[in-house]
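Visitor: Could you walk me through the charged pairs in this protein? I'd like to hear how each label is earned.

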Amino acid sequence: MTSAVDPPIKVAELLVRDAELLVVDSGWEIPGGWLAVTDGRVTGVGPAGSEPEARTTVRASGRLVTPGLINTHHHIYQNLTRSYAPAVNGSLFDWLTTLYPIWARLDEEAAYVSAYVGMAELLMGGCTTSSDHLYVHPRPHLVDAEIRAARDIGFRFHATRGSMTRSVEDGGLPPRSVTQTEDEVLADSERLIGAYHDPGPGALVRVALAPCSPFSVTRSLMTATAELAERHDVRLHTHLAEDHDEDSYCLETYGCRPVEYFEETGWMSDRSWVAHCIYPNDAELRRLAAAGVGVAHCPSSNMLIGGGTARVREMRELGLPVGIGCDGSASTDHASLWMETRAALLLGRYRGGPGAMTARDALDIATRGSARCLGRDDELGHLRPGACADLVVWDLHEVALAGALSDPVEAWLRCGPARAWTTVVGGRVLVDRGEPRLPGLEEALRVHGGVARAMQGRSS
């Protein structure tokens, strides 16, 4: 399909025009295309020469336009401890035990400024929707602070209420200072759903429930959380099958492997999406696929911590929803969905050969696949008329693009670095000419610097 919708839009609020290529959806691309937006929704797309009038016009001449990328797994607060030297060369468990005592200093101010800065970074990397997994709760109302930052920016945000109940004293990894009781977790989960979760179309804020991992909470909390999610019709998220140590822990503690434990506690459903999912065996992978469980693929984090990588091609062939995740800002150390999408392309080809992954496959994972993980593929991850107007106009320097004449999508991931020239969320331009349009960013960066230095024990 390459024509405008019928009837044509008379006057749009926003028009993006003259794209070298407009990617509307998988299998629907328009050379020289345009896209019209009104009331936060895509109201028309079409080829050059059929554009409607518009109050505001963004010219995308010579640039690729895609749906906004969607981040399905992140720990935004960790940008307060990026590249923390004592932890950078450790295993996953070494890394966690080094940083937990520092994260115990997290408070509302830290949660707010880390979220504000993190969301600005995500927008600059072409991300228009992000989940976040906040699982350390040394103080109350940290998720509230993140949601406040998202609302101040106008960012589309899926807050996941993480939790840990097993401290070192209980056979877990974290110190007691960042864990909570089951009653505290469940009460606050219910409070957050009631206060912030918007189940309606076009929602900017939704809430999911997210015990950190099988080795950080009790069986009873895993089960109760699944029941609470069912009762309130919200989604479920956790880490799963991330590390060989997790296999050993679950076998010793629960008498079964992590995926079996996941199933026994009521999580094996299409309400759930999980982070990493590196080490399920073939039978477990088939069971996850049959249940419709989604996977957040986090390529850079997995490579930096040296923990293997998800079998993305096999997962997609089985029908599993697979999306992209940045993972923690202290393990990946950046929040660019473009970098993660490129890493997914490289890893896919590294694992399976040159035919295993194309740039369009990687784009589909970062858009449609991610939207499926969040349960929103009806209105996110594509730019069909009626979709939420979340889109990116991409910029690559002319030197980087020199000679790339045949395929703008392949060039987008192969010839980078690419950055978001324009990022639009719900019809609002939040990045313009490569720079965030966020009035609170300068102050947030100033406060963030002070908070990060204090948390890390460094002088100003």
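Guide: Here come some salt bridges and the reasons for their labels. This is a predicted model, where local features need pLDDT of at least 70, side-chain atom pairs count only at pLDDT 80 or more, and totals for chains, interfaces and linings use all residues. Residues are numbered from 1 along each chain as its sequence is written, and side-chain values use heavy atoms, leaving out hydrogens and water.

Visitor: What makes arginine 384 and aspartate 25 a salt bridge?

Guide: A salt bridge needs a side-chain nitrogen of Lys or Arg within 4 Å of a carboxyl oxygen of Asp or Glu. Here the closest N and O atoms are 2.7 Å apart, so the pair qualifies.

Visitor: Why is aspartate 25 called buried?

Guide: Buried means under 20% relative accessible area, exposed means over 50%, and partly exposed is in between (1.4 Å probe, protein chains only). Aspartate 25 has 6%, so it's buried. Arginine 384 has 30%, so that one is partly exposed.

Visitor: Which parts does this pair tie together?

Guide: Arginine 384 is in the loop between α12 (359-373) and β18 (391-395), while aspartate 25 is in strand β2 (residues 21-25), so parts 359 residues apart in sequence get tied together. Helices (H or I, at least four residues) and strands (E, at least two) are DSSP runs, numbered from the N terminus.

Visitor: How do you know that aspartate 361 and arginine 316 form a salt bridge?

Guide: Their N to O distance is 3.9 Å, so the pair makes the cut-off. Aspartate 361 sits in helix α12 and arginine 316 in helix α10 (residues 312-318), 45 residues apart.
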